[in-house]
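Got your viewer open? Let's walk through a helix, its partner and one odd loop residue.

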Amino acid sequence: MAGGDDQCPTPLKLISVGLVLSTGFGLGLHLPAAGSTIAQYASSILGWTYFAVWSISFYPQMYLNWRRRSVAGLSFDFGLLNLL
């Protein structure tokens with residue numbers, strides 16, 4: 001692939017992934033009410049991890065647009081419909 005996308009992950013990428021996953025895991029583990037079942041903890045962990053990953057999913061496109069100094073790849077409808 002052009003642009004070096006097939007290279008090994010950089011330490012920054014690995015740290016970012018670890019930070020997002022640990023944020024989701026930490027929030028999911030600490031926010032359920034006392035006396036929750038294992039299933040409720042698992043659901044909370046998966047839900048908060050999904051939310052953390054979804055929240056940062058927009059940053060790569062914004063970074064690419066910033067580097068290119070162009071919004072050619074940015075769809076206003078995509079961002080708007082994602083909020084619904």
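Before clicking, one term: contact means heavy atoms within 4.5 Å. This is a predicted model, where local features need pLDDT of at least 70, side-chain atom pairs count only at pLDDT 80 or more, and totals for chains, interfaces and linings use all residues. Residues are numbered from 1 along each chain as its sequence is written, and side-chain values use heavy atoms, with hydrogens and water left out.

Start by selecting residues 11-30, helix α1 (helices are DSSP runs of H or I, at least four residues, numbered from the N terminus). From first C-alpha to last, α1 covers 28 Å with its 20 residues, close to the 28 Å expected at 1.5 Å a residue (that is, 1.5 Å times one less than the number of residues).

Next, colour V20, G24 and G28, the buried residues of α1 (buried is under 20% relative accessible area, exposed over 50%, with a 1.4 Å probe and protein chains only). Look down the axis of α1: these buried residues fall within an arc of 60 degrees, so they line one face (the arc is that of directions from the helix axis to the C-beta atoms). Swing to the other side for exposed residues, including P11, L12 and H30.

Now add α2, residues 38-56, which the buried residues of α1 pack against. Show F25 and L29 of α1 with W48 and I56 of α2, which are among the residues that meet there.

Last stop: R69, in the loop between α3 and α4. Its phi is near 55 degrees, a positive value in a residue other than glycine. R69 is exposed, at 65% relative accessible area.

Key. Helix = DSSP H or I, 4+ residues; strand = E, 2+ residues; numbered from the N terminus.
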